[in-house]
Amino acid sequence: MVYISLAIGIGMLSVLLLYFGLRMVLRTGWLLGFIRGCCASAVIVMAVLVGLAAYDIYSYQQLNEPKVIATLSTRELAPQEFEVNVLFDNGQEQRFELKGDQWQVDARIIRWPEFGGLLRLKPGFRLDRISGRYYALGQERDSERSVHSLHDSLSVDIWALLQNNYRRLSLQRTTFGSATFMPMVDDGLYEISLSANGLAAKPLNEKASEALNQWR
């Protein structure tokens, strides 16, 4: 609820900026009209950017405790080609084709070490992408890669902004990413969980467990 409330608050700021921008545009005047028009355009652009930032924040979920966030199943289509089905904890489902010997899921996690206690902001997370990996280093370097986004940011990417500017804003360890990977096998089933320490995955059926033991 914290990230939803934060997104709503920023969205309301966007609407307020948009209101003042349009109000300035609709006012009449000659010399001041041009200046108002320039200022109004800047305010409207800012309102749109703030609105997009609110939408991006809305895509994050608050991490209160370790939780299972998705289950993943794999089906072999051809050697080193798999169909991967991801079922998220909210009931949504996505299907992808991956090349390689392993699947890998990356997540974006936002931490607020400086402001967390003051604003009671707990870490927020969002699954970022899924990709295929090869066991052999040569294949990993030279073979065709398959990477799919699990969530696309619009033009305002809060995670990227924090990642690029945390030193300037004195936000030490503000953001970090996390990844987990497992071997792909025909009829494999896996569980993906997330805690404050990052992503973790474990096999849920015998075929996935056998593939993991062989890989180790």
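## Salt bridges

A salt bridge is a side-chain nitrogen of Lys or Arg within 4 Å of a carboxyl oxygen of Asp or Glu. With that in hand, welcome to this predicted model, which holds eight salt bridges. One of them joins the side chains of Lys 67 and Asp 89, with 3.3 Å from N to O. Lys 67 belongs to strand 2, while Asp 89 sits in the loop between strand 3 and strand 4, so this pair links distant parts of the chain, 22 residues apart. Both partners are partly exposed: Lys 67 has a relative accessible area of 26%, and Asp 89 has 39%.

Another salt bridge brings together the side chains of Arg 129 and Asp 106, again with 3.3 Å from N to O. Here the link runs between strand 6, home of Arg 129, and strand 5, home of Asp 106, with their places 23 residues apart in the sequence. Arg 129 is partly exposed at 37% relative accessibility, whereas Asp 106 is buried at 12%.

## Strand 5 and its neighbour

Strand 5 deserves a visit of its own. How many of its nine residues are buried? Nine of the nine are, which leaves the strand mostly covered. In a regular strand the side chains alternate between the two faces of the sheet. Strand 5 is covered on both faces: Gln 102, Gln 104, Asp 106, Arg 108 and Ile 110 are buried on one side, and Trp 103, Val 105, Ala 107 and Ile 109 are buried on the other.

Strand 5 runs antiparallel to strand 6, and nine bridges join the two. Within this pairing, Gln 102 stands opposite Arg 133 of strand 6. Arg 133 has another partner to look for: its charged end sits over the ring of Phe 181, 4.0 Å from the ring centre.

## The nonpolar core

In soluble globular proteins, nonpolar side chains tend to be buried together. The largest nonpolar core of this model has 26 residues, and Leu 72, Trp 103, Val 105 and Ile 130 have the most contacts inside it. Among the elements that each supply at least two residues of this core are strand 2, strand 5, strand 6, strand 9 and helix 6. Leu 72 makes a good starting point: beyond its neighbours within four places in sequence, its contacts include Val 84, Val 86, Trp 103, Val 105, Ile 130 and Tyr 190.

## One aromatic pair

The structure holds one aromatic pair. The ring centres of Trp 103 and Tyr 190 are 5.5 Å apart and their planes meet at 70°, so the pair is edge-to-face. Because Trp 103 lies in strand 5 and Tyr 190 in strand 9, the pair ties together parts that are 87 residues apart in sequence. Trp 103 is buried, at 0% relative accessibility, and Tyr 190 is buried with a relative accessible area of 0%.

## Two loop residues

Most residues other than glycine have a negative phi, and most peptide bonds are trans. Gln 80 has a positive phi, near 65°. Gln 80 lies in the loop between strand 2 and strand 3, where it is partly exposed with a relative accessible area of 25%.

Asp 187 also has a positive phi, near 65°. Where is Asp 187 found? Its place is the loop between strand 8 and strand 9, and it is partly exposed at 41% relative accessibility. The side chain of Asp 187 meets that of Lys 207 in a salt bridge, 3.5 Å from N to O. Lys 207 lies in helix 6, so the pair ties that helix to the loop holding Asp 187, 20 residues apart in sequence. Lys 207 is partly exposed, at 39% relative accessibility.

Conventions. Residues numbered from 1 in each chain as written. Predicted model: local features only at pLDDT ≥ 70, side-chain atom pairs only at ≥ 80, totals over all residues. Heavy atoms only, no water. Phe/Tyr/Trp six-rings, centres within 6.5 Å; stacked < 30°, edge-to-face > 60°. Helix = DSSP H or I, 4+ residues; strand = E, 2+ residues; numbered from the N terminus. Buried < 20%, exposed > 50% of the residue type's maximum accessible area, 1.4 Å probe, protein only. Lys NZ or Arg CZ within 6 Å of the ring centre and 35° of its normal. Core = buried A, V, L, I, M, F, W, Y, C linked by side-chain atoms within 4.5 Å. Contact = heavy atoms within 4.5 Å. Pairing = 2+ DSSP bridges.
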